[in-house]
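Please open the model in a viewer and keep the selection panel at hand. The tour below proceeds from selection to selection and states what is found at each stop.

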Amino acid sequence: RFTSCIAFFNILNELNDYAGQREVVAEEMGHRVYGELMRYSHDLKTERKMHLQEGRKAQQYLDMCWKQMDNSKKKFERECREAEKAQQSYERLDNDTNATKADVEKAKQQLNLRTHMADENKNEYAAQLQNFNGEQHKHYYIVIPQIYKQLQEMDERRTIKLSECYKGFADSERKVIPIISKCLEGMILAAKSVDEHRDSQLVIDCFKSGFEPPGDFPFEDYSQNIYRTISDGTISTPKQEGMRIDTKTTVGKSKGKLWLFGKKPKPQSPPLTPTSLYTSSTPNGSQYPIFSIEPVHYCMSDIKTGKPRIPSFRSLKRGWSVKMGPALEDFSHLPPEQRRKKLQQRIDELNRELQKETDQKDALIKMKDVYEKNPQMGDPSSLQPKLTETMSNMDRLRMEIHKNEAWLSEVEGKVAARSDRRHSSDINHLVTQGRESPEGSYTDDASQEVRGPPQQHVQPNEFDDEFEDDDPLPAIGHCKAIYPFDGHNEGTLAMKEGEILYIIEEDKGDGWTRARRHNGEEGYVPTSYIDVTLEKNSKGA
């Protein structure tokens, strides 16, 4: 009804159109700018990779030519040294008078051979050197400059593409400017349409109290008894019983009645209008200030704080049913210690929910009492459905707590029984804190878990589990230790490489297998450390 609200609604409509134009710009950017840049960037990467590969090939070819030239140079140097040695040997034998003519001839032939080979290597070195110098000149003056030129052209094309994308972005913005301008004009018109006088008149019409200004107080002359014998011409005011107002009564009745500027005194004849939003009348003419009763405010505050409690309980129940399912409500799939912690945590949560429901019930009872004492405040029967629902939730929570406490007692009995059996054995283990015990392995077979008092919903074939606990489990196979295992942690079994053990419980997916020695010592060993061989008839083994 208010022009400011209507203007705000119109601005939201214009803003919706404005957002639509921004979506158009975003789609145009994604197609013309982002998509085009991504495709072009991929092409540039491929082209740049090709140019760099050409440069590497040219460099490798130049290195190969240098190696060939260097090898021929070293070979020529080696042959020259050999020729010098042959010449020195020939000269020494030629000057030696004791040397035979055959030795001299042989040395002369060796000198001629070495000299000839040195000449050949010299010619080869000269050819390789000339070839390398030519390839080096070609590499640095033709091949590499051409590659750099191609890279430069590629980068220039990239820069041109960027400028085209910038222009496309500006064009996509410019296309929507006329529509955006109309949206902004519509927002300005909506802002100008706000009429403050109309809005204030609506507030006056909605919240006017109907009070009338009080009348003038009459003058009360207390000097009449003193001047009773004076002539009748004396000015006096007759006492009007009907017009007299008891100020104490007025103030007492108006106590707690607040208006905008503080306490407003009760008028002489206040009109009781049906549209009055601040007072409520009864048949005997008395008035009740509705918003000054503190018990109602207290109860309403309790109801407000207690309102979201019921959905939290329902969400908690839904969370249990979704995560665990009906068959795993008692956490029987978990190891004993983890199951005990989970049950204790659930009992604590249920106790907190029960306390919240109790607080809400107390608040509802208080509010119902206020309604019964002051019927004009509300109907007491309207609170009965909520009170019934709260009581039902409390009963349900108590049943859940009782059921979980029974499961917790069962688990604590199982853990105590297992602890007594382990302390009575001769096995000594070192306890490492912070590590989960291998007895927490997951198993679907109820006969392989820690036994305890049977639950009410167990199957008939699990009835004798508590009597099987004291007897050792039958071996279902054997294993051979591939690696040694120290077994310092509680519940584990140390073993040596090559040791043979009995298998009494398979690996259930947690990486541990339960085994037994020949002397009866039991414990868990890593499955990856052993080579397992299971018997075909494991039940009767």
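Begin with the charged side chains: the structure, which is a predicted model, holds 18 salt bridges. Several of them serve as stops on this tour.

**The whole chain**

Before zooming in, display the entire chain, which has 8 helices and 9 strands. Its length is 541 residues, and buried residues make up 27% of them. With the surface switched on, about 37500 Å² is exposed, of which carbon and sulfur atoms supply 55%. Among contacts between residues at least 6 apart in sequence, 68% join residues at least 24 apart.

**Helix H1: a nonpolar patch and two charged pairs**

Select residues 3–95, the extent of helix H1, where leucine 12 has its place. Now show the side chains of Phe8, Leu12 and Leu15: they form a nonpolar patch on the surface, and their accessible area together is about 290 Å². Is leucine 12 itself buried or exposed? Leucine 12 lies between those classes: with a relative accessible area of 39%, this residue is partly exposed.

Move along H1 to glutamate 28 and arginine 32. These two residues of the helix are 4 apart, about one turn, and they form a salt bridge in which the closest N and O atoms are 3.4 Å apart. Both ends are partly exposed: the relative accessible area is 24% for glutamate 28 and 33% for arginine 32.

Next, select aspartate 70 and lysine 74. Here too the partners lie in H1, 4 residues apart, and the closest N and O atoms of their salt bridge are separated by 3.3 Å. Which class does each partner belong to? Aspartate 70 is buried, because its relative accessible area of 16% falls under the 20% limit. Lysine 74, at 46% relative accessibility, counts as partly exposed.

**A charged pair between two loops**

Now select arginine 517 and glutamate 499, whose salt bridge has its closest N and O atoms 2.8 Å apart. This pair links distant parts of the chain: arginine 517 belongs to the loop between E7 and E8, and glutamate 499 to the loop between E5 and E6, 18 residues away. Arginine 517 is buried, with a relative accessible area of 16%. For a network, add Glu36, Arg39, Lys161 and Glu164, which are joined by salt bridges that share partners.

**Strands E5 to E8**

Return to the strands and colour E5, E6, E7 and E8 separately. Starting with E5 and E6, one finds an antiparallel arrangement joined by 4 bridges. Within this pairing, cysteine 479 stands opposite leucine 501 of E6.

Proceed to E6 and E7, which also pair in the antiparallel sense, over 3 bridges. Tyrosine 502 has arginine 516 of E7 as its bridge partner. The hairpin of these strands has 6 residues between them, and in it glycine 509 takes a positive phi near 110 degrees.

The last pairing to inspect is that of E7 with E8, an antiparallel one with 5 bridges. Select arginine 514 to find its bridge partner in E8, tyrosine 524. In the hairpin of E7 and E8, with 5 residues between the strands, glycine 520 has a positive phi near 95 degrees. E8 is mostly covered, as 4 of its 5 residues are buried.

**The nonpolar cores**

Which residues of the largest nonpolar core touch the most other members? Select Met495, Leu501, Val525 and Ile530: of the 13 residues in this core, they are the ones that do so. At least two core residues come from each of strand E5 (477–481), strand E6 (500–505), strand E7 (512–516) and strand E8 (522–526). In soluble globular proteins, nonpolar side chains tend to be buried together.

Centre the view on leucine 501 and show its surroundings. Leaving aside neighbours within four places in sequence, leucine 501 contacts Gly477, His478, Cys479, Leu493, Met495, Ala515, Arg516 and Arg517. Among these, Cys479 is the residue that stands opposite leucine 501, and Arg517 is the partner of glutamate 499 in the salt bridge visited earlier.

End the tour at a second, separate core of 7 residues. To locate this core, select Phe331, Leu334, Ile347 and Trp407, which are included in it.

Technical notes:
Residues numbered from 1 in each chain as written. Predicted model: local features only at pLDDT ≥ 70, side-chain atom pairs only at ≥ 80, totals over all residues. Heavy atoms only, no water. Patch = residues over 30% accessible without salt bridge, like charges linked within 9 Å, V, L, I, M, F, W, Y side chains within 5 Å. Areas by Shrake-Rupley, 256 points an atom, 1.4 Å probe, with all protein chains shown as cover. Salt bridge = Lys/Arg side-chain N within 4 Å of Asp/Glu carboxyl O. Buried < 20%, exposed > 50% of the residue type's maximum accessible area, 1.4 Å probe, protein only. Core = buried A, V, L, I, M, F, W, Y, C linked by side-chain atoms within 4.5 Å. Contact = heavy atoms within 4.5 Å. Pairing = 2+ DSSP bridges.
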